[in-house]
Amino acid sequence: MLSEGGAQRIDARTLDALRPTIATLSAAHRYRDSFAVEHQERAAELAVAIGVQLGLGSQRLEVLRLSAIVHDIGKIAVPAEILGKPGPLSDVEYAVVKTHCAIGYDILRHLHAPLPIAEIAYQHHERLDGSGYPRGLSGEGILLEARILAVADMFDAMTSHRAYRSGLSADFVLGELHAKAGRELDADAVEACRYVSLTGSLVRSGMQVVRPASAADANGGT
Ligand SMILES: [Fe+2]
């Protein structure tokens, strides 16, 4: 794992080699669903800002950013009529949407790097209390990066416009996140998200930042 300054420091060359691959995956996904890609880019920026507040080192932040940029890549296997449905999903449709975590893992596991990018994407819908999916992981069984991404993902998904509703206000969404803090969501990550949102301190990691923009995701970030 990625211990800061620890035994398994990340080789900067590994990250350099990964960036074009991540960008390629993102570019391909954009042709299928630009909203999803824009959501991932905004979530990545917010996740990094949260990570900065939590004291993650620069290399670990970059792994978080790269993971976040492709965390929903598995949605390329979800039918467009489900992703763009202008209303609530049926149980069956929601079950199909949920497959995007495992499909994303199946795609990203081919990245040739000793980094948990596939695993972070796999875990981004897991919840501290075990109520998440796909594996029902709980507590520290969920990577910190995935716990951070869960908060950023939910914040961006809820504040974004959807086919079936307008974007919710940041104040309202922060209240929703606060209500889940310590139960479903990492309390420190929620607090950091609140700080970043209220202060506007979207601090970039100092590394390449891929462009942000508009909407995607349902149910607090599918
Ligand atoms: Fe997702």
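Two residues are taken to be in contact if their C-beta atoms, placed from the backbone, lie within 7 Å. Contacts in this sense are described below for a predicted model.

The protein chain holds 10 helices and 0 strands. From the N terminus on, its elements run α-α-α-α-α-α-α-α-α-α. Of the 222 residues in the chain, 43% are buried. Contacts between residues at least 6 apart in sequence were also sorted by separation. Of these, 71% join residues at least 24 apart.

Helix α9 spans residues 170-180, and its buried residues are Val173, Leu177 and Lys180. Viewed down the axis of α9, these buried residues fall within an arc of 60°, so they line one face of the helix. An α-helix has 3.6 residues a turn, so residues three or four places apart point the same way. Asp171, Phe172, Gly175 and Ala179 lie on the other side of α9 and are exposed. The buried residues of α9 pack against two helices, α8 (144-159) and α10 (187-199). Just after α9 comes glycine 182, with a positive phi of about 85°.

Helix α8 also packs against α2 (residues 34-53). The angle between α2 and α8 is about 130°, and their axes are 8 Å apart. An angle of 130° falls outside the ranges for roughly parallel, roughly antiparallel and roughly perpendicular pairs. The two helices, α2 and α8, are therefore oblique to each other. The crossing of α2 past α8 is right-handed. On the α2 side, the contact is formed by His39, Arg42, Ala43, Leu46, Ala47, Ile50 and Gly51. These meet Ile148, Leu149, Val151, Ala152, Asp153, Phe155, Asp156 and Ala157 in α8. By class, the contact of α2 with α8 has 10 nonpolar, 2 polar and 3 charged residues.

Leucine 46 serves as one example from α2. It has 25 C-beta neighbours inside 10 Å and therefore counts as buried; the cut-off for a buried residue is 20 or more. Its C-alpha atom is separated by 8.8 Å from that of phenylalanine 155. Leucine 46 and phenylalanine 155 are 109 residues apart along the chain. Both residues are listed in the contact of α2 with α8.

A further partner of α8 is α3. The helices α3 and α8 pack at an angle of about 50°, with their axes 10 Å apart. The pair α3 and α8 is therefore oblique. The crossing of α3 and α8 is right-handed. Helix α3 contributes Val63, Leu64, Ser67 and Ala68 to the contact, and α8 contributes Glu145, Ile148, Leu149 and Ala152. The residues of the contact of α3 with α8 divide into 6 nonpolar, 1 polar and 1 charged. Ile148, Leu149 and Ala152 of α8 meet α2, and these residues of α8 also take part in the contact with α3.

Helix α3 (residues 58-69) packs in turn against α1 (residues 12-32). The angle between α1 and α3 is about 20°, with their axes 10 Å apart. Angles under 35 degrees count as roughly parallel. Helices α1 and α3 are therefore roughly parallel to each other. Here α1 passes α3 in a left-handed crossing. From α1, the residues in contact are Leu15, Leu18, Ile22 and Ser26. From α3, they are Gln59, Glu62, Leu66 and Ile69. By class, the contact of α1 with α3 has 5 nonpolar, 2 polar and 1 charged residues.

Two loop positions complete the description. Glycine 84 lies in the loop between α4 (80-83) and α5 (91-98). It has 12 C-beta neighbours inside 10 Å and therefore counts as exposed. The C-alpha atoms of glycine 84 and aspartate 33 are separated by 9.5 Å. These two residues, glycine 84 and aspartate 33, are 51 residues apart along the chain. The other position is proline 134, placed in the loop between α7 (117-123) and α8. A cis peptide bond joins tyrosine 133 to proline 134, with omega about 5°.

How values were computed
Residues numbered from 1 in each chain as written. Predicted model: local features only at pLDDT ≥ 70, side-chain atom pairs only at ≥ 80, totals over all residues. Helix = DSSP H or I, 4+ residues; strand = E, 2+ residues; numbered from the N terminus. Arc of directions from axis to C-beta. Axes fitted to C-alpha atoms, helices over the stretch in contact; angles between N-to-C directions. Parallel < 35°, antiparallel > 145°, perpendicular 65-115°, else oblique. Left-handed = near helix turned anticlockwise from the far one by under 90°. Nonpolar A, V, L, I, M, F, W, Y, C, P; charged D, E, K, R; others polar.
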